[in-house]
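Visitor: I'd like to learn how to read a structure like this one. Could you walk me through it?

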Amino acid sequence: MRFSRIAPLVSFACCVVVAPGLLTGQAAKHDKAFWHSIAEHHYEVPSGESAPALAQELSGLLASPDPELRDDLAYSILARWIGRPGVLQPDYLRELAAEWMRNLNDGIGESGNDSVLKRSFSALCLSLIAEREAKTPFLGAAQYHQILAAAVAYLQSERDLRGYDARLGWIHATAHTSDLLQALAASPLLTSGDEASILKAMETRLVSAPGVYTQGEQDRMAQAVLAVIRRADFAMDSCEAWLTRLEAEDKKVWDVPLTPESLARYQNHTYMLQALSVRLDLEPDSPKITALRKRVLGMLKSR
């Protein structure tokens, strides 16, 4: 979570009543001071306001180029409200989930502009939905698998892989989508085929990244992989096949003329394996964990 980066809060400000047309996508009705006032008052929904209407407005702010408005306020308020029972009801959360899934395709393929913010922060907010689903199921199998399929597709399709930007703040599409997959992996609805698709998506993302991730993305990916590994029904064969493919990709790096792209792939694999090794070392002992520790450490020793 990103709550530690919330900026100092200002005093309570007067609020503006949300107009009836807000749910149809009209412009935001509240200013930054209003959202600060909510954070200052322990993220309580202001008296006389509608939580769903405000959440819809906050959803629109996920595309804001202002990092304070987008991240410190919109995302952080949504995180509290989604995590608190009774604030946003399941029917409305299902609507939000559908909206955020659509956002993952808005401008997909673009890079270097601000359109990535809506996609990346929609993925991050979907992780909040998935976390609530894991604790108190409400999505149903159909929408759960729609979110999973959207997350897997988005992880592989996003072309704007910036981590932190001096103007925009956190962008972090790979990390945010890894957070989403990590949260989805906690559901009993995940199948062995889903486990394999998550690992394959991680593989594709690491292979296709044009440069070396520098903002902790490999660790967030490792945490998503670990969430799959922790499952009681985890298929070791899928993980072994995945690790074997990583080894084969890395051997190719040294069999042909080196390129910046091939070296980036090798380094991203290395950093992800290092993160996974540390994460596995922190897990309670079990035959599964012991075998994977040995396997991953052996891969690192051979590099």
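**Reading the model, feature by feature**

Guide: Let's start with one cysteine: Cys239 is buried, with a relative accessible area of 1%. Keep in mind that this is a predicted model.

Visitor: What is the relative accessible area of Cys125?

Guide: Cys125 comes out at 0%, so it counts as buried, the cut-off being under 20%.

Visitor: And how many disulfides does the count come to?

Guide: The general idea comes before the number. A disulfide is a covalent bond between the sulfur atoms of two cysteines. Here the count comes to zero disulfides.

Visitor: Okay, zooming out. How many helices and strands are in the chain?

Guide: The chain has 12 helices and two strands. Going along the sequence, the pattern reads α-α-α-α-α-α-β-β-α-α-α-α-α-α.

Visitor: How does the radius of gyration of the chain fit with a compact globule?

Guide: You take the number of residues and ask what a compact globule would give. For 303 residues that is near 19 Å, and the chain has 20 Å, which agrees. Along the principal axes, the C-alpha atoms fill a box of roughly 65 × 40 × 30 Å. Of the 303 residues, 51% are buried. Among contacts with a separation of 6 or more, 75% are between residues 24 or more positions apart.

Visitor: Which residues have the most contacts inside the largest nonpolar core?

Guide: Trp35 and Leu181 do, in a core of 85 residues. Helix H5, residues 115-135, gives the most to this core, with 10 residues.

Visitor: What is Trp35 in contact with, leaving aside its neighbours within four places in sequence?

Guide: Its partners are His30, Leu54, Glu57, Leu58, Leu61, Leu69, Leu73 and Ile77. Some of those fall in helix H3, which spans residues 67-83.

Visitor: How many of the residues of H3 are buried?

Guide: 14 of its 17 residues are, so to speak, under cover. Look at the N-terminal end too, where Asp66 acts as a cap: one of its side-chain oxygens lies 2.9 Å from the backbone nitrogen of Glu68.

Visitor: Now helix H8. How far does it reach from its first C-alpha to its last?

Guide: To read a helix span, compare the reach with what 1.5 Å a residue would give. H8, residues 192-208, reaches 24 Å, close to the 24 Å expected.

Visitor: Which helices do the buried residues of H8 pack against?

Guide: They pack against H6, H7, H9, H10 and H11. The buried residues of H8 include Ile198, Leu199 and Met202, along with charged-type names such as Asp194, Glu195 and Arg205.

Conventions: Residues are numbered from 1 along each chain as its sequence is written. This is a predicted model: local features need pLDDT of at least 70, side-chain atom pairs count only at pLDDT 80 or more; totals for chains, interfaces and linings use all residues. Side-chain values use heavy atoms; hydrogens and water are left out. Buried means under 20% relative accessible area, exposed over 50%, partly exposed in between (1.4 Å probe, protein chains only). Helices (H or I, at least four residues) and strands (E, at least two) are DSSP runs, numbered from the N terminus. A polar contact is a pair of N or O atoms within 3.5 Å; within protein, one must be able to donate a hydrogen and the other to accept it, and residues adjacent in sequence count only if both atoms are side-chain atoms. A nonpolar core is a set of buried Ala, Val, Leu, Ile, Met, Phe, Trp, Tyr and Cys residues joined through side-chain atoms within 4.5 Å. Contact means heavy atoms within 4.5 Å. A disulfide is a pair of cysteine sulfur atoms within 2.5 Å. The expected span of a helix is 1.5 Å times one less than its number of residues. The radius of gyration is taken over C-alpha atoms; the globule rule is 2.2 Å times the number of residues to the power 0.38.
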